[in-house]
Amino acid sequence: MILAPPVLMAALRRLEPERAHHLALTALRWGLAGRQAGPDDPILATAAFGRQLANPIGLAAGFDKNAAALAPLGRLGFGFVEAGTVTPRPQNGNPRPRLFRLEEDRAIINRMGFNNQGLEVFLANLRRAARAGLVLGANFGINKEGAEPERDYPAMASALAPHADYLAINVSSPNTPGLRDLQSGERLAGILRHIASPKPVFIKIAPDLTEDGLEAVVAAALAHDAAGLIIANTTLARPATLKNPLKRESGGLSGAPLFAPSTAMLARAARLAGGRLALIGAGGVFTPEDALAKLLAGAALVQIYTGFVYQGPAMLARLKPGLARLLRERGFSSVAEAVGAGL
Ligand SMILES: Cc1cc2nc3c(=O)[nH]c(=O)nc-3n(C[C@H](O)[C@H](O)[C@H](O)COP(=O)(O)O)c2cc1C
């Protein structure tokens, strides 16, 4: 049982989205967002990043950009949390408004633009955080101005590796001009070649990559010993099904409309990688069925963001027992058994 007050969720929904986000983080830091009462169903236990995870459900990057609320997020019952995206130097991001809720579409559009307090604050927060067993990923990117990707990504990797269980290279935010060009095989190889990390390195990719583009990413990841891929970031696409007029806002779309394309890409990557890469599935997960679909398509782990924004911490209290039930119904005795079983 999660004790997250429904009153808090109702209040947050009425606020301007970015204010709501800051308030949610403050509530977490003050211990007002509740905690998971009991242990997870043992069928949900799984191993990743050289660690044992109580469940395969993680919080996706962008929620806790500065690693400011790690321990409270862990207490909500996430199997792992990915903090960031952090950039070398602090930056403000794009002018507001830059975050839009498309409620009837169960979607969000954001063009935050890597607003964050920079590496120094991020590291200080990591050192201070009483992580209490939390399995942690550090997601990093580059500054909008004055960046040199081949220098900056490896430097960030070296600084962050001692403090995280895995690293996530973000080359897929649509809100930093030119960033997605780094997904080309050659540019990616140029970055990966210079990263010497004792911790597993994941590459977070865009759902808008072409089939050839995905092949090139998988090849570069394999050639340069990346541990895996996170599939996917937000999309620049605007499916015809979107109802809310805010669909015209520029930025990355996340949530329900991203579920089908990101899951299809996940399955393609799983086939290309043939078990040689670990895959983390993100995009439009709201229900236990959605989470199971990601596992069956080849994800070893699943991340949530937009679903968590709409449902709050109570989401985990539904998602995890629901996933445990579905696994048993399908005759699986562990999460690992389900991974890629639908391919
Ligand atoms: C407001 C917002 C901010 C985000 N910021 C980041 C970020 O800083 N770094 C990143 O890698 N992904 C970021 N993402 C993408 C999410 O981590 C996730 O990949 C994407 O939203 C798809 O999952 P979802 O449909 O469950 O939201 C952000 C998403 C949202 C909605």
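Guide: Before we start: two strands count as paired if DSSP finds at least two bridges between them. Also, this is a predicted model.

Visitor: Got it. What do E5 and E6 form, and how many residues sit between them?

Guide: A hairpin, with four residues between the two strands. One residue in that turn, arginine 106, has a positive phi of about 50°.

Visitor: And how many bridges join E5 to E6?

Guide: Four, with E5 (residues 99–102) and E6 running antiparallel. To get the register, look at leucine 99, which has asparagine 110 of E6 opposite.

Visitor: Which way do the E6 side chains point, and are they buried or exposed?

Guide: E6 covers residues 107–110. Ala107 and Ile109 point one way, Ile108 and Asn110 point the other way, and all of them are buried.

Visitor: Why the switching back and forth along a strand?

Guide: Because in a regular strand the side chains alternate between the two faces of the sheet.

Visitor: OK, what about E11: how many bridges join E6 to that strand?

Guide: Four again: E11 (residues 252–255) and E6 are joined by four bridges and run antiparallel. Within E11, glycine 255 is the bridge partner of alanine 107.

Visitor: So what's the strand order in that sheet?

Guide: E5-E6-E11, an open sheet of three strands with antiparallel pairing. E5 and E11 are the edge strands, each pairing on one side only. From one strand to the next, the twist averages 20°.

Visitor: Which helix packs on the sheet?

Guide: That's H8 (residues 256–273), which touches E6 and E11. The direction of H8 makes about 95° with that of E11.

Visitor: Changing topic. How many strands close into the barrel, and in what order?

Guide: Eight, in the order E3-E4-E7-E8-E9-E10-E12-E13, and the pairing is parallel. The twist there averages 25° from one strand to the next.

Visitor: Take E3 and E4 then. Over how many bridges do they pair?

Guide: Two, in the parallel sense, between E3 (residues 57–59) and E4 (residues 80–86). Glycine 58 stands opposite phenylalanine 80 in E4.

Visitor: Last one: which helix lies across E3?

Guide: H11 (residues 314–329), which lies across strand E13 (301–304) as well. H11 runs at about 155° to E3.

Technical notes. Residues numbered from 1 in each chain as written. Predicted model: local features only at pLDDT ≥ 70, side-chain atom pairs only at ≥ 80, totals over all residues. Heavy atoms only, no water. Buried < 20%, exposed > 50% of the residue type's maximum accessible area, 1.4 Å probe, protein only. Axes fitted to C-alpha atoms, helices over the stretch in contact; angles between N-to-C directions. Contact = heavy atoms within 4.5 Å.
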